[in-house]
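User: I would like a close look at a single part of this model. Please start with how its strands pair, and then move on to what the neighbouring chain does. Short sentences, please.

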Amino acid sequence: MKASALRAPGSTGEPLAAPVAAGAARGLSVERVTMRFGGLVALGDVSLDVAPGEIVAVIGPNGAGKSTLFNVITGIYRPTQGRVLIGDLDVTGRPAHAIASLGVARTFQSSRLFTGISVLDNVILGMHALSPPSVLQALLFPRRSRNELRQAAAQAGRILQSVGGHLYDQRYRLAEELAQADRRRLEIARALAGEPKFLLLDEPTAGMDDHDTDVLIQDLLRIRRDRPDLAIVVVEHDMRLVAALPDRVAVLEYGSKIAEASFEEIRRDPRVQEAYLGSDSVDD
Amino acid sequence: MEQVVQQLINWLALGAITALLAVGFSLLFGVLNVIHFSHGDVALTAPFVAMGVLIALPAAGFGVAIIAAIVLVGFMGVILDWVSIRRFRSAPPMMALVATVALGIVLRELIRLLYPNGSNPHSFPRLFEGTAFTIAGATVSWLVVAMIGCSVLTMFALTLILYRSPLGMRIRAVSQDLEMARLAGIDPNGIFQATFFIASATGAVGGLFTASYVGLMRFDMGIIAGLLGFSAAVIGGLGNMTGAIVGSLVLAGLETLAQAILPDGAAYRLVVAFTLVLVVLVFRPAGLLGRVPVPKV
Amino acid sequence: MSTGGSLNTEPGEGGTAPARFRISRDLGTVAATITAVAGLLYVFLVVTVTLHVVIVLGAMAVALWLLQRDPRVEASIAGSFERRRSFALVLGVAVALAYPFAIGQNTYHIHLLVICILYSVLTIALNFQLGSANIPNFATGATYGIGAYSSALLALNHGWNFWATLPVAALAATVFGFAIGLPSMRTRDAYLALVTIACGVIIHQLLNNFEWTGGAQGLIGIPAPSVFGHSFTQPLRVFGLTLPAQANFYYLALLLLMLAIVVAGRLHHSRIGLAWNALRADEIAARSVGINVVWYKMLAFAVDAFLAAFAGVVYAFYVGYIAPDNFTFLVSVMLMTMVIVGGMDNVIGVIIGTFLLTLLPEKLRVFSDYRLLFYGLVVIAFLSIRPQGLFPQRLRRYRGVE
């Protein structure tokens, strides 16, 4: 993993849009969340606000609780304490599928694709969050159901064309046959298919080489242009991506948030440097 | 009073043989992460193996036949793993489950076809004769004493092996983290085979007592015995030895209670047992002593 | 060996001369395939000598091997069926309707076909869970039994006729199916399998113990159904030809099978079937794209129960006699074998697997004593060598995104 490199590349990318002023009413808020597993405190009193259109990076050494944070937000785990809000709605403890249909989409650190079905079908499944299918319609109005599926397929095709790489050409391959970088892209495409308001990316560059990472950065910039209201939270180790994209960076260490600021400030923060320098050996 | 004591003794006897089967399920699940559904069938081949040894070598005597059966069934577990179960270790859990259900059918059918006149029940001798003592008017046979005693001894021995021996340490290492154990130089296949041997041999003891307790052996006894053993392990919490013992006592207790209280209770024994399984699974999915595992994401 | 890998779908329809040639080639392919399957089944039904059975089996194996050696063959046959769907449908139904006439007066053969068809309905039902969603359900035998018993009891004790009992039996079994599915909120994998096993054993034991279900002896004298005054015990007269009384039930079962195929097809080709495939692959990922995993599992149980109940009703009225032992755990395992052998989540494959495994023990009478052993070994062999079955699931393809 290229975790230890905390140097920014030559440029920090294009000028970043100013964060929308505390639009908490429409944003995603994690309020003082604590998550314990037995005696282990995976997250301790962590808060994070994400406004629409914002890109926030969450960095930190492995085991710092970044994925746990995602799992709490998306309802895979129920936090021991604290709340998760979408807009003004308290979604703490709601089932994962309900949170997904409120517009929170995610990818996984170890990409979790639907194996045994095609790449295209994976993207179609991403649309469940948007509109669940009806059993009665499937049984009684098969033509309508088929049309719905066909339209979904066409839409999924367009989404595949919009992400980098050659996913569209591989749309009828089994998802498990894809190369590593394509799996990552497919997961993002699947997440986008549900037209989310919040997109959580868990180490999207894991397993990507430099070239793929550059393509991914371009993809994410384009996504941001196309969907100005979409907020993106990204857990990342690759500092090029962290330097290029986010409006804000939050740093987690041992389950606590130790800093939150712009990338430039974070880069100079001695606590952050220490957390990173001490982490070289712990990699999962 | 006499009735109550008698039922208590029945409860302990039933609990003892259920526990002998249940620990095997729990051990195999804990170490291999596989539900070995045919474990009950493996265990209940023991009475047939013992009688088969007697038929083949009448001079050997009953005691030798029993010991031989326990050892042979232990090896049978290892062979079954080698022939089929190991192929499903990394497969989806559903596949291992269906495959071992099928393996159970194969075992039952093999007994039926290979043992002389195997379709019919055969009588199985009592391992121990006579009455040991009477307590509050209830008689306790030597067989029941032996069942409870052997079960307790076996549990004790298993605990020693698992927690006090180098082999046990390696078994627990593999059970906790296969990759780490492999890196530490432990050959997981050897550990799997050892686990299969221990579980199957323990099950064989339970199988022999089961047949001896009811006085007969039938080729399809393994299915119900296995289901009850598995249920007990699940009620207690799979992968947890204490859980298996507790689960066996709870299950056996309820069965005994049903037989004593319900009119025609014997007929509803299984209904009561499996209703308990359903209730536990719905309200405490990880069993009485188990904890719900956090999904790895 | 997946057939999905090939990407050689030809472009859409056109009006040019080669296109016309392709239409006739498609029609020919469809007709030849249907005829071949029907012919093979006929030969398999009528052969009696063990050696001949083995030869027929060998021929089938060779045909299958040839078919799968090159995935393009199967893909092109499937393509022809896809393009000429209505023709295939009409021809298939016509062949199925005409089948009893070809068999003639041999009641045993018609009986075998009725059983094959009823089992096919059951395996299609089970396939929703085992194939589409990968939930092992060992209670299909029980839902089948609930269907059979509830209809038989209504007919015997309350004089209801066959048609009236159908919906009630289906409803009873569906409620039961939902009830088994309910614990899937909290349990998964082996635990859920144990729930289904427990439910299956409980139902079997209750049927065995209750007096009002006839105990171990079961229920006898279930009256045959009739339609427009024609009793199903009477021979069937069509176009001056007389078919044995079993043919009535053949057509009834066939109707049910068509219903099952339609239901299965509609669900498979909707986003519901896709959602089942998703939770088969990865439950956590399924939840995070908004799929209500519990609801979909319960739905799979309910659909299974609904269809299995229908099969149970027809079985009860066909045989006229039911006992608890018709609906055991082993019946469920046998149905699972058929699904696994035929092909997970492939309806045609499942039907072929069912016919094969139902007829085989009947044909190889030498082996009849080894029947269960055979099933057990076949399951283990398939799961370890070819877990996707004879006919694996086919990738869904969408018009407009080719």
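Analyst: We begin with a term. Two strands count as paired if DSSP finds at least two bridges between them. Keep in mind that this is a predicted model.

Now to chain A. Which strands make up its open sheet of four? The order is E2-E1-E4-E5, and the pairing is antiparallel. In general, strands of a sheet pair through backbone hydrogen bonds, either parallel or antiparallel. Why do E2(A) and E5(A) each have a side without a neighbour? Strand E2, residues 40-50, and strand E5, residues 89-90, stand at the edges. Each has a single partner strand, so one side of each is left free of a neighbour in the sheet.

Walk through the pairs one at a time. Strand E1 covers residues 28-37 of chain A. E1(A) meets E2(A) over seven bridges, in the antiparallel sense. One bridge joins A:Val30 to A:Leu48 in E2(A). Another position to find is A:Phe37, which faces A:Leu40 in E2(A). The two strands form a hairpin with two residues between them. There A:Gly38 takes a positive phi near 60°.

Next comes the pair of E1(A) and E4(A). Here five bridges link the strands, again antiparallel. A:Ser29 has A:Leu85 of E4(A) as its bridge partner. A:Val30 stands opposite A:Val84 in E4(A). So how is A:Val30 placed in the sheet? A:Val30 has A:Leu48 of E2(A) as a bridge partner, and A:Val84 of E4(A) opposite.

The pair of E4(A) and E5(A) follows. These strands run antiparallel and share two bridges. A:Ile86 is opposite A:Leu89 in E5(A). This is a hairpin too, with two residues between the strands. A:Gly87 sits in the hairpin and has a positive phi near 65°.

What lies across this sheet? Helix H1 of chain A, residues 66-73, does: it crosses E1, E2 and strand E4 (81-86). The helix runs at about 115° to E1(A).

Chain A has another open sheet, with six strands. Read the order as E6-E7-E8-E3-E9-E10, with mixed pairing. Strand E6 (104-106) and strand E10 (256-261) are the edges. Each has a single partner strand, so one side of each lacks a neighbour in the sheet. On average, neighbouring strands of this sheet are turned by 20° against each other, direction ignored. One parallel pair is strand E3 (residues 55-59) with strand E8 (residues 231-235) of chain A, over four bridges. In that pair, A:Ala57 faces A:Val234 of E8(A). H1(A) packs on this sheet as well. It touches E3, E6, strand E7 (198-202), E8 and strand E9 (248-253) of chain A. The direction of H1(A) makes about 150° with that of E7(A).

Now turn to chain C. How many residues meet at this interface? Chain C brings 38 residues into contact with 45 of chain A. Together the two chains bury about 3,800 Å² between them, 63% of it on carbon and sulfur atoms. On the chain C side, C:Arg271, C:Tyr398 and C:Val401 lose the most area to chain A. Those three account for 21% of what that side buries.

Charge plays a part in the picture too. The rule finds three salt bridges across the interface. In one, C:Arg271 pairs with A:Glu148, with the closest N and O atoms 3.0 Å apart. C:Arg271 is also among the residues of chain C that lose the most area to chain A. In another salt bridge, A:Asp121 pairs with C:Arg396, and their closest N and O atoms are 4.0 Å apart. A:Asp121 lies in helix H3 (residues 119-125) of chain A, while C:Arg396 is in the segment after helix H15 (371-385) of chain C. Over all chains, the structure holds 32 salt bridges.

Polar contacts add nine residue pairs across the interface of chain C and chain A, both residues at pLDDT 80 or more. Which helices of chain C supply at least two residues each? They are H9 (246-268), H10 (271-281), H11 (283-288) and H12 (293-319). H10(C) gives the most, eight residues. By class, the side of chain C that touches chain A has 19 nonpolar, nine polar and ten charged residues.

Technical notes. Residues are numbered from 1 along each chain as its sequence is written. Chains are lettered from A and ligands numbered from 1 in the order in which they are written. This is a predicted model: local features need pLDDT of at least 70, side-chain atom pairs count only at pLDDT 80 or more; totals for chains, interfaces and linings use all residues. Side-chain values use heavy atoms; hydrogens and water are left out. Contact means heavy atoms within 4.5 Å. Axes are lines fitted to C-alpha atoms, for helices over the stretch in contact, and angles run from 0 to 180 degrees between N-to-C directions. Buried area is the accessible area (1.4 Å probe) that two parts lose on being put together, summed over both. A salt bridge is a side-chain nitrogen of Lys or Arg within 4 Å of a carboxyl oxygen of Asp or Glu. A polar contact is a pair of N or O atoms within 3.5 Å; within protein, one must be able to donate a hydrogen and the other to accept it, and residues adjacent in sequence count only if both atoms are side-chain atoms. Ala, Val, Leu, Ile, Met, Phe, Trp, Tyr, Cys and Pro count as nonpolar, Asp, Glu, Lys and Arg as charged, and the others, Gly among them, as polar.
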